[in-house]
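Biologist: I am new to this structure and should be grateful for a close look at one part of it. Please begin with a single residue and its contacts, and then work outwards to its surroundings.

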Amino acid sequence: MFARVLVGVDGSAGGRDALAAAERMRRLGGGTLAAVHVHPPRPIPDRGLRPDSEAGDRRDAEERLIAELAAAHVTARAWVTMDPSPGRGIHRVADEVHPDLIVVGSSSRGPVGRVLAGDTGRDVLHGAPAAVMVAPREARRSSPRPVVGVGWDASAESDSALRWAAGFAAECGGVVRARHVVSPHAAPFDLRASHRIGQTGEAGREQTRERLRVTLGRLDVEHTDETIIGDPAIELLRLANVVDLVFVGSRGHGPRRRVVLGSTGDRLIHDAAAAVVIVPRPGAAR
């Protein structure tokens, strides 16, 4: 499923966390890994001082990237590109590599064991041409049989996330834990017919849950499912506390075949206890 993995490496602790997570994903998928380091251009006044300055900067960047790979005992194709925006540089390399998954690290400002996407991570997420994984700081090791969480809300985007989660779990021998969260504000309420409407609401929830079960059954992977009334972001954060990886869909509008960060995904990449994978809108090649 993740046959081609691309990871951003910048020499920071977050970059090393991303590299470790990307290597684990590569091993699970049995595919290839490419690592990219984006270095900034020199300030305009400095560019004319030495004709070979850009070539020297590139060599220095390549040496730093190779050193990071060697220290992590990871074999990967090394890419170096120059851009004032690391996110844009990673997108440019992704357009050449055509990865199935892009991995970025968390900000050093975040707590250990939690996800906190920094500026680069957010830049990579918006409009990415592949699924994007944000690795937590000093992430805990995955269990031998990973539990793969997924948020589902009956939308096409969440159906896509469910398929990605099931595909990943099937490849690594894991279990899918699907959580359907119903916002209490979405439930109909009318004092004059509260009993009747309450029954209708319960029937509707059960019908939706049955659809989830049927969809999971068709995916042929071991799974559990649950329907919870509450805040979607909070309930998925709680799910992230007890799984190894969480898949969520993109926002319901925006360009197809691209990652479009929605409010729930945005909350997860700021405080989840597990790695978070945001999948592109339906239509993306897998």
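Modeller: Leaving aside residues up to four places away in sequence, Glu157 touches Gly249, Ser250, Arg251, Gly252, Arg281 and Pro282. The model is a predicted one, and what follows describes that prediction. Glu157 belongs to helix H5. The relative accessible area of Glu157 is 9%, which is under 20%, and Glu157 therefore counts as buried.

The loop that leads into this helix deserves attention next. Ala154 sits in the loop between strand S6 (147-152) and H5. Although Ala154 is not a glycine, its phi is positive, near 75°. The relative accessibility of Ala154 is 26%, so this residue is partly exposed. In the approach to H5, then, one finds a partly exposed Ala154 in the loop and a buried Glu157 in the helix.

Strand S6 also borders another loop, the one that connects it with strand S5 (131-134), and Arg145 is found there. With a relative accessible area of 44%, Arg145 is partly exposed. Beyond its neighbours up to four places away in sequence, Arg145 touches Gly173, Gly174, Val175, Glu222 and Asp244. One of these partners, Val175, lies 30 residues away along the chain, and the C-alpha atoms of Arg145 and Val175 are 7.4 Å apart.

H5 also takes part in enclosing an empty space. What does a search of the whole structure find in the way of cavities of 30 Å³ or more? There is one such cavity, and the volume of the largest cavity is about 40 Å³. Its lining consists of Met1, Phe2, Met25, Leu28, Gly29, Phe168, Glu171 and Cys172. Two elements give two or more residues to that lining, namely helix H1 (13-29) and helix H5 (156-172). By character, the lining residues comprise six nonpolar, one polar and one charged.

The other contributor, H1, has 17 residues. From its first C-alpha to its last, H1 reaches 24 Å, close to the 24 Å expected at 1.5 Å a residue. The buried residues of H1 are Gly14, Gly15, Asp17, Ala18, Leu19, Ala21, Ala22, Glu23, Met25 and Arg26. Among them, Met25 is also a residue of the cavity lining. Ala20 lies in H1 as well, but its relative accessible area is 33%, so Ala20 is partly exposed. Ala20 and His73 are separated by 53 residues in sequence, while their C-alpha atoms are 9.6 Å apart in space. Immediately after H1, Gly30 has a positive phi of about 65°.

A positive phi also follows helix H3 (86-97), and there it belongs to His98. His98 is not a glycine, yet its phi is about 55°. This residue is found in the loop between H3 and strand S4 (101-104). His98 has a relative accessible area of 51%, which is over 50%, and it is therefore exposed.

H3 itself can be described in the manner of H1. Its twelve residues should span 16 Å at 1.5 Å a residue, and the end C-alpha atoms are indeed 16 Å apart. Gly87, Gly89, Ile90, His91, Val93, Ala94 and Val97 are the buried residues of H3. These buried residues pack against strand S1 (4-8), strand S2 (32-39), strand S3 (77-82), S4 and helix H4 (119-125). Arg88 is also in H3, but with a relative accessible area of 47% it is partly exposed. Arg88 and Thr120 are 32 residues apart in sequence, and 8.9 Å lies between their C-alpha atoms.

Finally, these parts may be set within the whole chain. The protein chain holds eight helices and ten strands. Of its 286 residues, 49% count as buried. Among contacts with a separation of 6 or more, 78% are between residues 24 or more positions apart. The chain exposes about 13900 Å², of which carbon and sulfur atoms supply 51%.

Terms used: Residues are numbered from 1 along each chain as its sequence is written. This is a predicted model: local features need pLDDT of at least 70, side-chain atom pairs count only at pLDDT 80 or more; totals for chains, interfaces and linings use all residues. Side-chain values use heavy atoms; hydrogens and water are left out. On a 1 Å grid over the protein atoms alone, a cavity is a set of points where a 1.4 Å probe fits but cannot get out, and a pocket is an open set with protein on both sides within 12 Å along at least five of seven lines; lining residues have an atom within 4 Å of a point. Grid points are joined across faces, edges and corners, and a volume is the space filled by probe spheres set on the points. Helices (H or I, at least four residues) and strands (E, at least two) are DSSP runs, numbered from the N terminus. Ala, Val, Leu, Ile, Met, Phe, Trp, Tyr, Cys and Pro count as nonpolar, Asp, Glu, Lys and Arg as charged, and the others, Gly among them, as polar. Buried means under 20% relative accessible area, exposed over 50%, partly exposed in between (1.4 Å probe, protein chains only). Contact means heavy atoms within 4.5 Å. Accessible areas come from the Shrake-Rupley method with a 1.4 Å probe; for residues, only the protein chains shown count as cover. The expected span of a helix is 1.5 Å times one less than its number of residues.
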